[in-house]
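The exercises below are to be worked with the sequence and the model side by side. Each task is followed by a solution that goes step by step.

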Amino acid sequence: PHALAHAFPVSSPPHAAQMLSASPEQVRITFDGEIEPVFSTVIVKNAAGTAVSLGKGEVAPSNHALLQTALPKTLPPGKYVVYWSVVAHDGHHTEGHYPFTVQ
């Protein structure tokens, strides 16, 4: 029998708990399987819980395992949290979050 699997992140610059000396231009999460563009989002929030990412993210047209979102040109120093939610091509939903800090 064939087992269906969920899509889980395999890389995510900026990385979980990473301390950055400069503001990142974007958040990019690569998953271990293809995800559905219509049902997949990534949002970055500041310590106050306000969204700072530009939109709800998008799946890269040329790579359905890559979820990304743009950030403002400069994020002020502080702690940020990346919230992601995806639906794999097999229909399984996974979600998670992780922090990073801009110094």
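**Exercise 1: the surroundings of V82**

Leaving aside residues up to four places away in sequence, V82 touches V27, I29, V42, I43, V44, G96, H97, Y98 and F100, where a contact means heavy atoms within 4.5 Å. The model is a predicted one, in which local features need pLDDT of at least 70 and side-chain atom pairs count only at pLDDT 80 or more, while totals for chains, interfaces and linings use all residues. Residues are numbered from 1 along each chain as its sequence is written, and side-chain values use heavy atoms, with hydrogens and water left out.

Task: establish in which strand V82 is found, and decide whether V82 is buried or exposed.

Solution. Step one is to place the residue: V82 is found in strand β7, strands being DSSP runs of E of at least two residues and helices runs of H or I of at least four, numbered from the N terminus. Step two is to consider its accessibility: V82 has a relative accessible area of 0% and is buried, given that buried means under 20% relative accessible area, exposed over 50% and partly exposed in between, with a 1.4 Å probe and protein chains only. Step three looks along the chain: L20 is 62 residues from V82 in sequence, and their C-alpha atoms are 14 Å apart in space.

**Exercise 2: the chain as a whole**

Task: determine how many helices and strands the protein chain has, and explain why the protein chain is described as being as compact as a globular protein of that length.

Solution. Begin with the count, which gives zero helices and eight strands, so that the pattern read along the sequence is β-β-β-β-β-β-β-β. The radius of gyration of the protein chain is 14 Å, close to the 13 Å that the globule rule gives for 103 residues, and the chain is therefore as compact as a globular protein of that length; the radius is taken over C-alpha atoms, and the rule is 2.2 Å times the number of residues to the power 0.38. Next, take the dimensions: along its principal axes the C-alpha trace spans about 50 × 20 × 20 Å. Then turn to burial and contacts: 35% of the 103 residues are buried, and among contacts with a separation of 6 or more, 59% are between residues 24 or more positions apart.

**Exercise 3: aromatic pairs**

Task: find how many aromatic pairs the whole structure holds, and state which strands the partners lie in.

Solution. A search of the whole structure finds two aromatic pairs; rings of Phe, Tyr and Trp (its six-membered ring) pair if their centres lie within 6.5 Å, and planes under 30 degrees apart count as stacked, over 60 as edge-to-face and the rest as tilted. F31 and W84 form an edge-to-face pair, with 5.3 Å from centre to centre and 70 degrees between the planes. Because F31 lies in strand β3 (residues 26-31) and W84 in strand β7 (residues 78-87), this pair ties together parts that are 53 residues apart in sequence. F31 is buried at a relative accessible area of 3%, and W84 is buried at 9%.

For the other pair, the ring centres of Y80 and F100 are 5.6 Å apart and their planes stand at 20 degrees, so the pair is stacked. Y80 lies in strand β7 and F100 in strand β8 (residues 93-102), and the pair therefore ties together parts that are 20 residues apart in sequence. Y80 is buried, with a relative accessible area of 4%, and F100 counts as buried at 0% relative accessibility.

**Exercise 4: loops**

Task: locate the cis peptide bond, and decide whether A17 and A48 are buried or exposed.

Solution. Start with the bond: a cis peptide bond joins P13 and P14, with omega about -5 degrees, and P14 is found in the loop between β1 (9-11) and β2 (18-20). A17 is found in the loop between β1 and β2 as well, and its phi is near 65 degrees, a positive value in a residue other than glycine. A17 is exposed, with a relative accessible area of 56%. Finally, A48 lies in the loop between β4 (41-46) and β5 (54-60) and counts as exposed at 71% relative accessibility. The C-alpha atoms of A48 and D32, which are 16 residues apart along the chain, are separated by 31 Å.
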